[in-house]
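Trainee: I'd like to learn how to read a protein model, one feature at a time. Can you walk me through it?

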Amino acid sequence: MELIEYMRLRNKMTQKEWEDSFEKTEKEIIVLRHEGGGGSLRNGFWDWAAYFLAYVDCETGELHKEEGRIVFPVTDKENLPYQFEDETIYKLKVRAKLPEEVPNGVLPTKKHFLVVEVLEKNAACKELEEILAEYRKPIILQDDILGELIYDKPLKSFQGSIIWQDRKINIILDVDKDNKSGITKAKKALKTMVSEQEKWDVDLRSFAAQKLTKLAYEWAESDNETSEITEESFAKRISLSLIWMTSGGSFSAYFDDDDLFFGHCITVCGSLKKGIVSADIEG
C-alpha cells in the first residue's frame with residue numbers, strides 16, 4: 001500500500017468506519033496519562049488522542065510499560081467529551097485497535113485504545129503510582145562547562161544558563177533525554193561555541209547588523225532616530241539572551257532588540273560547519 005493512498009483512505013473514513021477499526025469487545029484498563037496529544041481531521045469528525053506512559057490490563061493484572069494512546073471522536077473542538085489531565089491515573093472502559101496493514105515508513109499502532117467510558121479519575125494503582133513518582137523526578141545533567149541542565153519533558157529539551165561575555169544567558173539543548181549520543185554531540189557543539197565565545201559574539205552581532213540595519217531604518221519613528229542607527233551601533237545595542245543548539249550542531253542565537261524593532265526578537269541562525277547563514281526578526 002502506498003503512503004499517499006493510505007493517508008487518503010484514512011482521512012476519508014467516516015466516524016462509524018473509524019470506530020469499526022477497533023475491536024467490538026470492551027475491556028477495562030488503568031492508564032497513566034503523562035502529556036501530549038491532539039486531533040487529526042477525518043471525514044466529518046476529529047480523531048482525538050491523549051498519550052499515556054503505561055497501563056494495566058484489569059482482567060489479567062498485567063502491567064504494560066510501553067507508551068500508547070487513548071482516542072475518541074470529536075465533532076466540536078471547543079467542547080471535548082473527555083479532558084484527560086497530565087500525570088493522572090484513569091480507569092477506563094475501552095476497545096483495542098484491530099491489526100491493520102500499513103505502508104512502509106508508517107509505524108503500526110500499538111497500545112491504541114478507543115475510549116468507551118471513563119470509569120474513575122485518580123484511580124488507585126500501585127504499579128502506575130510508582131512509575132508516576134519516577135517520571136516526576138527531575139532529569140538533570142551536570143557539565144563542567146555548561147553547568148546544570150534540567151530536562152523539560154513537554155519540550156523534550158535540556159535547559160540551563162551560562163555566562164557569556166560577562167552576562168548570564170539561557171541555553172537549550174534540543175535533544176531527547178533518551179538520545180545519549182545526541183546529548184553528547186549537542187553538548188560538544190555548544191561547548192565549542194562557549195570556548196570561542198569572543199569570536200562568535202562578534203560574528204553574530206556583525207552578521208545581524210549587516211542584514212537588519214536597513215530594516216531598522218524603516219522601523220525608526222523619526223529622522224533623528226534613523227541617523228543614530230549604524231551597523232556599529234546596531235551591533236552594540238542588541239544583547240544575546242539564548243542559544244538553542246541541536247545534536248547536529250545547528251544553532252539559533254536569540255537577541256533582545258533594544259527596541260530597534262519595538263521589542264521583537266532578533267534570531268541569528270547557522271551551524272558550526274556552515275557558519276552563520278541567516279538573521280531575522282520574530283515574535
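**Reading a predicted model**

Mentor: Happy to. By class, the lining of the second largest pocket has 6 nonpolar, 2 polar and 10 charged residues. Keep in mind that the model is predicted.

Trainee: How do people find a pocket to begin with, and what is the volume of the second largest pocket here?

Mentor: The general idea is that rolling a probe the size of a water molecule over the atoms shows where empty space is left. Here, the second largest pocket comes out at about 350 Å³. There are 18 residues lining that pocket, and the closest to its centre are His34, Leu53, Glu67, Tyr135 and Lys177.

Trainee: Which elements give two or more residues to the lining of that second largest pocket?

Mentor: Two strands and a helix: strand 1 (27-41), strand 2 (46-57) and helix 3 (126-136).

Trainee: Staying with strand 1 and strand 2, what sits in the loop between them?

Mentor: Phe45 is in that loop. Try reading how open Phe45 is to the outside: buried or exposed?

Trainee: What's the cut-off?

Mentor: Buried means under 20% relative accessible area. Phe45 has 1% relative accessibility, so it counts as buried.

Trainee: Which residues is Phe45 in contact with, leaving aside its neighbours within four places in sequence?

Mentor: With those neighbours left aside, Phe45 is in contact with Met13, Thr14, Gln15, Trp18, Ser40, Pro73, Val74 and Thr75. You can also take a distance across the model: the C-alpha atoms of Phe45 and Ile183 are separated by 40 Å, and these residues are 138 apart along the chain.

Trainee: Now show me a residue that isn't buried. Where does Asp20 lie?

Mentor: Asp20 lies in the loop between helix 2 (15-19) and strand 1. Its relative accessibility is 32%, so Asp20 counts as partly exposed. Beyond neighbours within four places in sequence, Asp20 is in contact with Arg95 and Leu98. Asp20 and Leu98 are 78 residues apart along the chain, and their C-alpha atoms are separated by 8.8 Å.

Trainee: What about backbone angles? Which residues here have a positive phi without being glycine?

Mentor: Look at Lys156 and Phe262. Lys156 is not a glycine, yet its phi is about 50 degrees. You'll find Lys156 in the loop between strand 8 (147-152) and strand 9 (157-164). With 43% relative accessibility, Lys156 is partly exposed.

Trainee: And Phe262?

Mentor: Phe262 has a positive phi too, near 55 degrees. Its loop runs between strand 12 (250-256) and strand 13 (265-271). At 46% relative accessibility, Phe262 counts as partly exposed.

Trainee: Let's step from those loops into the strands. Is Ser157 buried or exposed?

Mentor: Ser157, which lies in strand 9, is buried, with a relative accessible area of 4%. Not counting residues up to four places away in sequence, Ser157 touches Ile150, Tyr151, Asp152, Ile172, Leu173, Asp174 and Val175.

Trainee: What would I see for Ser252 in strand 12?

Mentor: Ser252 has a relative accessible area of 9%, so it is buried. Setting aside neighbours within four places in sequence, its contacts are Leu242, Ile243, Trp244, Thr267, Val268 and Cys269.

Trainee: Last topic: helices. How do I read the way helix 4 and helix 5 cross?

Mentor: You picture each helix as an axis, then look at the approach and the angle. The axes of helix 4 (residues 180-195) and helix 5 (residues 197-219) come within 5 Å and cross at roughly 85 degrees. Angles from 65 to 115 degrees count as roughly perpendicular, and that is why helix 4 is roughly perpendicular to helix 5.

Trainee: Which residues make that contact?

Mentor: Helix 4 contributes Met193, Val194 and Ser195, while helix 5 contributes Gln197, Trp200 and Leu204. By class, the residues of this contact are 4 nonpolar, 2 polar and no charged.

Trainee: Gln197 caught my eye. What else is Gln197 in contact with, leaving aside neighbours within four places in sequence?

Mentor: On that basis, Gln197 is in contact with Ile163, Trp164 and Gln165. The C-alpha atoms of Gln197 and Gln165 are separated by 7.3 Å, with their positions 32 residues apart along the chain as the distance apart. Gln197 has a relative accessible area of 16%, so this residue of helix 5 is buried.

Notes: Residues are numbered from 1 along each chain as its sequence is written. This is a predicted model: local features need pLDDT of at least 70, side-chain atom pairs count only at pLDDT 80 or more; totals for chains, interfaces and linings use all residues. Side-chain values use heavy atoms; hydrogens and water are left out. On a 1 Å grid over the protein atoms alone, a cavity is a set of points where a 1.4 Å probe fits but cannot get out, and a pocket is an open set with protein on both sides within 12 Å along at least five of seven lines; lining residues have an atom within 4 Å of a point. Grid points are joined across faces, edges and corners, and a volume is the space filled by probe spheres set on the points. Helices (H or I, at least four residues) and strands (E, at least two) are DSSP runs, numbered from the N terminus. Ala, Val, Leu, Ile, Met, Phe, Trp, Tyr, Cys and Pro count as nonpolar, Asp, Glu, Lys and Arg as charged, and the others, Gly among them, as polar. Buried means under 20% relative accessible area, exposed over 50%, partly exposed in between (1.4 Å probe, protein chains only). Axes are lines fitted to C-alpha atoms, for helices over the stretch in contact, and angles run from 0 to 180 degrees between N-to-C directions. Angles under 35 degrees count as roughly parallel, over 145 as roughly antiparallel, 65 to 115 as roughly perpendicular and the rest as oblique. Contact means heavy atoms within 4.5 Å.
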